Amino acid sequence: MTDSVTAKRGKRERLVAAASRVLHEQGVEKTTLADIARVAEVPLGNVYYYFKTKDQLVEAAIEAHALGFRAMTASLDLHTGPRDRLKALLRGWIDQRELTARYGCPTGSLCSELDKRTDGLDRAAAEVMRLLIDYAEMQFREMGRSDSRELAVALVAAYQGIALLTNTFRDPELMAGEGRRLERWIDSLT
């Protein structure tokens, strides 16, 4: 690969990573391309080479969320059984409690903000949330639960609810407490 191709890919990846971070920290509406360019350390004029509009960059950030989620679930799949995978998922959420207290759940916040739009980005963000529910459903199904979809929705709803409260009250221990409760709940289902 030539140096210019590597540099181009590097800039694009930096822009997408910066967009994911800044969109989480500031929200879609408050974030400007200049904010993203500054965090990515890319000249503002170069942003337009990769993304013609802010919405294209938001869409790339959503795709990055999906890729990140798939990478996370691949690492979770290294755990022996479905109960351990679900509990590892919970621990991951708990480990991010300081970030959640400050900015909320990255995916949940993005879904909530984009849901007010009808340009397709709302559905793209919802697909990332669906990946999470589908993954949890698969784990509950492996546990032999016939109500796996309902349990998956309950788990994700509990997480999204506590993420909102953790952020609202800026209290990371709310997330830790709910994580422990959810671990006991998962244990009670086997």
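These are my notebook entries on helix packing, the nonpolar core and two unusual backbone angles in a predicted model.

**Entry 1. Helix 7 against helix 8**

I began with helix 7, residues 106–114, and helix 8, residues 121–142. Their axes lie 9 Å apart and make an angle of about 155 degrees. Angles over 145 degrees count as roughly antiparallel, so helix 7 is roughly antiparallel to helix 8. I noted the handedness of this crossing as left-handed.

Next I listed who makes the contact. Helix 7 supplies T107, G108, C111 and L114. From helix 8 come L121, D122, A125, A126, V128 and M129. Sorted by class, I have seven nonpolar residues, two polar ones and one charged one in the contact of helix 7 with helix 8.

I then looked up T107 by itself. T107 sits in helix 7, and its relative accessibility is 18%, so it counts as buried. Setting aside residues up to four places away in sequence, I find T107 touching H65, V128 and M129. V128 and M129 are also on my list for the helix 8 side of the contact.

**Entry 2. Helix 5 against helix 10**

The second pair I checked was helix 5, residues 82–95, with helix 10, residues 172–188. I recorded an angle of about 175 degrees and a distance of 9 Å between the axes. Helix 5 is therefore roughly antiparallel to helix 10.

On the helix 5 side I wrote down R83, L86, K87, L90, R91, W93 and I94. They meet M175, A176, G179, R180, L182, E183, I186 and D187 of helix 10. By class, the contact of helix 5 with helix 10 holds eight nonpolar residues, one polar and six charged.

**Entry 3. The nonpolar core**

I looked up the largest nonpolar core and found 54 residues in it. The residues with the most contacts inside this core are L15, I62, W93, L114, F140 and L155. Helix 8 gives the most to the core, namely nine residues. Two of these names were already in my notes: L114 is in the helix 7 contact with helix 8, and W93 is in the helix 5 contact with helix 10.

I followed L15 further. Leaving out neighbours within four places in sequence, L15 is in contact with I36, A37, A40, V42, V47, Y50, F51 and L57. Of these, I36, A37 and A40 appear among the buried residues of helix 2, which also include L33 and D35.

Y50, another contact of L15, belongs to helix 3. I have its relative accessibility as 18%, so Y50 counts as buried. I also took one long distance from this residue: Y50 and Q160 are 110 residues apart in sequence, and their C-alpha atoms are 33 Å apart in space.

**Entry 4. Positive phi outside glycine**

Most residues other than glycine have a negative phi, so I looked for exceptions. E41 is one, with a positive phi of about 60 degrees. E41 follows helix 2 and lies in the loop between helix 2 (33–40) and helix 3 (44–50). At 69% relative accessibility, I count E41 as exposed.

R170 is another residue other than glycine with a positive phi, here near 50 degrees. I place R170 in the loop between helix 9 (148–169) and helix 10. Its relative accessibility is 53%, so R170 counts as exposed.

Key
Residues numbered from 1 in each chain as written. Predicted model: local features only at pLDDT ≥ 70, side-chain atom pairs only at ≥ 80, totals over all residues. Heavy atoms only, no water. Axes fitted to C-alpha atoms, helices over the stretch in contact; angles between N-to-C directions. Helix = DSSP H or I, 4+ residues; strand = E, 2+ residues; numbered from the N terminus. Parallel < 35°, antiparallel > 145°, perpendicular 65-115°, else oblique. Left-handed = near helix turned anticlockwise from the far one by under 90°. Contact = heavy atoms within 4.5 Å. Nonpolar A, V, L, I, M, F, W, Y, C, P; charged D, E, K, R; others polar. Buried < 20%, exposed > 50% of the residue type's maximum accessible area, 1.4 Å probe, protein only. Core = buried A, V, L, I, M, F, W, Y, C linked by side-chain atoms within 4.5 Å.
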